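Hi everyone, thanks for coming. Let me walk you through one protein chain, taking it a piece at a time.

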Amino acid sequence: MAELDISEVFNASKVLAGVARHPRLIGPVKGITDCEVYLKPENLQHTGSFKLRGAYYKISQLSPEEKAKGVIACSAGNHAQGVALGATHNGIKSIICLPAGAPISKIEATKALGAEVCLVPGVYDDAYAKALELQKEHGYTLVHPFDDPLVIAGQGTIGLEIIKEMDDVDAVIVPIGGGGLISGVAFALKTLKPNIEVYGVQAEGAPSMAESIERDERIRLDAVSTIADGIAVKEPGINTFEMVKKYVDKIVTVTDDEVAAAILYLIEKQKLVSEGAGATPMAAVLFHKLPLKGKKVVCLVSGGNIDVTSLNRVIARGLVKAGRDCNLVIQAADKPGQLAEICAVIGKHGGNILSVKHDRVESENVNGCRLLIELETRNHEHIAEIKDGLRSAGFDVE
């Protein structure tokens, strides 16, 4: 593991002073009763993500010879934009290797910032292999998205800002992909205030760091699958694995449905648009994954570059997970007045019917019908109340 000194983080803070935004904490947020939660909104950062910090600082420290040859990077999107902006700002050529499946919005944003984009079939790790190949061929400097001490130092400036603004914070919750963000933040926090708890959150479908820490060795997943594409990394870095082992108190995972519910919460309650990765800390809070009772907590919203075309699907999943939308399947007699009675029961209990599908073919009874009713509801308790009301009225709710 490469050594990192806290002076490097302070130097990064000076370099980034006139370059990066320093979004102030938001909070305490609404609807959380067992702890006091604040948000560090890096989704409001230039390029929409914290990645600008580490990428810019790394590029700023290159020698004149390295700058003349240019830089190369690989990324699922956010690091790409950080490198592109940093390189263009410093008058340096940049090549970005992106997974071919990266959101079009991120690809176009990277090009707009002045980078040359190379699309690579597969996921992040395939793009990384291509970047290494081009680096050797042309002599570019690789700006690694997470496993570089200077990149980690740049991300650590977030920790300095949190302490400066809230020196009595008890816990900070950070998303984990490859581990660069949490390594920098945890290193800065623990070096200056060792009593602060630092928690990491990964997507259940991409738990490479969580499993590596559990086994006490770096492991490589065969595949990753999550709506939190910014943290869909198969293998943690050498440096980040060691730093997470040393400085992070606990890692938990969240499901895609929990992430979707957190995205919806941030939109509705805080008027903040977060990508999947950025919403994972809030998901960990909403679904009680961590011991936070009575604590002053900061959730790091790492980015807001969610693909607009997928936002509708994410919100729909979030509504279902939060109990705000549900589908009831009811077996009923196929006779006049049945649907009216069912609607009356639902209306009596405050449910709002969005759609009704009437199916005779799928009914269990030849003289019956199967109803699929979509409802707008308040929460899971409300759904249970409606189901109980229907059953009490004699209807078979599957």
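Let's begin with one pair of residues: Y38 stands opposite V298 in β9. Please keep in mind that what you see is a predicted model.

Where does that pair belong? Strand β1, residues 36-41, runs parallel to β9, and six bridges link the two. On another strand, I173 stands opposite C299 in β9. Strand β6, residues 171-175, is parallel to β9 too, with three bridges joining them. In general, strands of a sheet pair through backbone hydrogen bonds, either parallel or antiparallel.

Now, is β9 mostly covered or mostly open? Strand β9 covers residues 296-301, and six of its six residues are buried. Look at the two faces: K296, V298 and L300 are on one side, V297, C299 and V301 are on the other, and both faces are covered. So V298, the residue opposite Y38, is buried because a residue counts as buried when its relative accessible area is under 20%.

Let's move to another sheet. Four strands form an open sheet, in the order β4-β3-β2-β5, and the pairing is parallel. Why do β4 and β5 each have a side without a neighbour in the sheet? They stand at the edges, at residues 116-120 and 141-142, and each has a single partner strand, so one side of each is left free of a neighbour there. For β5, the pairing with β2, residues 71-74, goes over two bridges, and T141 in β5 is the bridge partner of V71.

Helices lie across these strands. Helix α5, residues 104-112, lies across β3 and β4, running at about 150° to β4. Helix α6, residues 124-138, lies across β2, β3, β4 and β5, and its angle to β2 is about 160°.

One more helix, please: α10, residues 238-247. Its buried residues include N239, F241 and Y247. What do the buried residues of α10 pack against? Their partners are the helices α7, α8 and α9 and the strands β7 and β8.

Finally, let's zoom out. The chain has 15 helices and 13 strands, and its C-alpha atoms fill a box of roughly 85 × 45 × 40 Å along the principal axes. Of its 398 residues, 56% are buried. Among contacts between residues at least 6 apart in sequence, 72% join residues at least 24 apart. There are 43 positive and 51 negative side chains, and the centres of the two sets lie 4 Å apart.

Thanks for listening!

Methods. Residues numbered from 1 in each chain as written. Predicted model: local features only at pLDDT ≥ 70, side-chain atom pairs only at ≥ 80, totals over all residues. Heavy atoms only, no water. Pairing = 2+ DSSP bridges. Contact = heavy atoms within 4.5 Å. Axes fitted to C-alpha atoms, helices over the stretch in contact; angles between N-to-C directions. Buried < 20%, exposed > 50% of the residue type's maximum accessible area, 1.4 Å probe, protein only. Lys, Arg positive; Asp, Glu negative; His and termini not counted. Charge placed at Lys NZ, Arg CZ, Asp CG, Glu CD.
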